[in-house]
Amino acid sequence: MSVNTDIRQMRAADLPAVMAIQAQAYPPAMNEAESVFSQRLQVSPDYCWVAEDRKGLAGYLFCYRSQHGKITALGAGFTPSETGDCLYLHDLAIARQARGSGVAGQLIKQALAAGQSMKLRHAALVSVQGAQPFWAKHGFRPAAVDDPKQAKNLSSYPPPASYMSQPLAA
């Protein structure tokens, strides 16, 4: 694990580095616009984090308060729910030089702790690029998507994509 990594809230000044990490982590078809990232940070600043080490940003995680079962489509802005019961982890990406260092786990731990402190009942996400085993190691399990609108949002991601969630301890 990277012992010299700090987790902190994301700032607007971090967006250029966040965009560069996104380009390293995802194929071009999954790259979202900087304006979308900016909107997400503006509407959910308390739940967007970066990991920073001596080389700069090592990773990021965008989250927001939502309703369990609601899926954000690829490229869509966040619409936080003040009464939501779920912390939605929308986008986790780690810089090439930091992969395997434990940074992803640190960011996930930060998010889950935030969800628990808000007394939310669930954490959820869309797993992409075959990452289901990774998310399973962090307690997430595949969850059914029965609502047609949410199924359409899920289909906005290149396959294989799956909705996953976990209960949060109160």
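In which sense, parallel or antiparallel, do strand 4 and strand 5 pair? In this predicted model, strand 4 and strand 5 (residues 122–127) pair in the parallel sense, and four bridges hold the pairing. The description below begins with the chain as a whole, returns to these strands and their neighbours, and then turns to contacts between side chains.

The chain comprises five helices and seven strands, and their order along the sequence follows the pattern β-α-α-β-β-β-α-β-α-β-α-β. With a radius of gyration of 15 Å, close to the 15 Å that the globule rule gives for 170 residues, the chain is therefore as compact as a globular protein of that length. The C-alpha trace spans about 45 × 35 × 30 Å along its principal axes. Of the 170 residues, 49% count as buried. When contacts between residues at least 6 apart in sequence are considered, 69% of them join residues at least 24 apart.

Strand 4 (residues 86–94) is mostly covered, in that nine of its nine residues are buried. This strand is paired with strand 3 (residues 56–66), to which it runs antiparallel, and eight bridges join the two. Within that pairing, Arg 65 stands opposite Leu 87 of strand 4. In the parallel pairing of strand 4 with strand 5, Tyr 88 has Ala 124 of strand 5 as its bridge partner, while the bridge partner of Leu 89 is Leu 125, again in strand 5. The two parallel strands also belong to a β-α-β unit, which is right-handed and is made by strand 4, helix 3 (residues 103–117) and strand 5.

Strand 5 is likewise mostly covered, with six of its six residues buried. The burial extends to both faces of the strand: His 122, Ala 124 and Val 126 are buried on one side, and Ala 123, Leu 125 and Ser 127 are buried on the other. Leu 125, from the second of these groups, is the residue that partners Leu 89, whereas Ala 124, from the other side, partners Tyr 88. Strand 5 is further joined to strand 7 (residues 162–167) by six bridges, and these two strands run antiparallel. In this antiparallel pairing, Ser 127 has Ser 162 of strand 7 as its bridge partner. Strand 5 thus takes part in a parallel pairing with strand 4 and in an antiparallel pairing with strand 7.

Among the charged side chains, the count comes to three salt bridges. Arg 8, Asp 14 and Glu 52 are linked in a network of such bridges. In this network, the side chains of Arg 8 and Asp 14 meet with an N to O distance of 2.8 Å, and those of Glu 52 and Arg 8 meet at 3.0 Å, also N to O. Because Glu 52 lies in strand 2 (residues 48–53) and Arg 8 in strand 1 (residues 6–9), the latter pair ties together parts that are 44 residues apart in sequence. The members of the network vary in their accessibility: Arg 8 is buried, with a relative accessible area of 16%, and Asp 14 is buried at 7% relative accessibility, whereas Glu 52, at 30%, counts as partly exposed. A further salt bridge is formed by the side chains of Arg 40 and Glu 32, with an N to O distance of 2.8 Å, and both of these residues are buried.

Contacts between aromatic rings were examined in a similar way, and the count comes to eight aromatic pairs. One of these is formed by Phe 134 and Trp 135, whose rings have their centres 5.0 Å apart and their planes at 80°, so the pair is edge-to-face. The two residues of this pair fall into separate classes of accessibility, since Phe 134 counts as partly exposed at 30% relative accessibility, while Trp 135 is buried with a relative accessible area of 8%. In addition, Phe 37, Tyr 60 and Phe 62 form one aromatic cluster.

How values were computed: Residues are numbered from 1 along each chain as its sequence is written. This is a predicted model: local features need pLDDT of at least 70, side-chain atom pairs count only at pLDDT 80 or more; totals for chains, interfaces and linings use all residues. Side-chain values use heavy atoms; hydrogens and water are left out. A salt bridge is a side-chain nitrogen of Lys or Arg within 4 Å of a carboxyl oxygen of Asp or Glu. Buried means under 20% relative accessible area, exposed over 50%, partly exposed in between (1.4 Å probe, protein chains only). Two strands pair if DSSP finds at least two bridges between them. A crossover is right-handed if, with the strands pointing away from the viewer, the path from the first strand over the helix to the second runs clockwise. Rings of Phe, Tyr and Trp (its six-membered ring) pair if their centres lie within 6.5 Å; planes under 30 degrees apart count as stacked, over 60 as edge-to-face and the rest as tilted. The radius of gyration is taken over C-alpha atoms; the globule rule is 2.2 Å times the number of residues to the power 0.38. Contact means heavy atoms within 4.5 Å.
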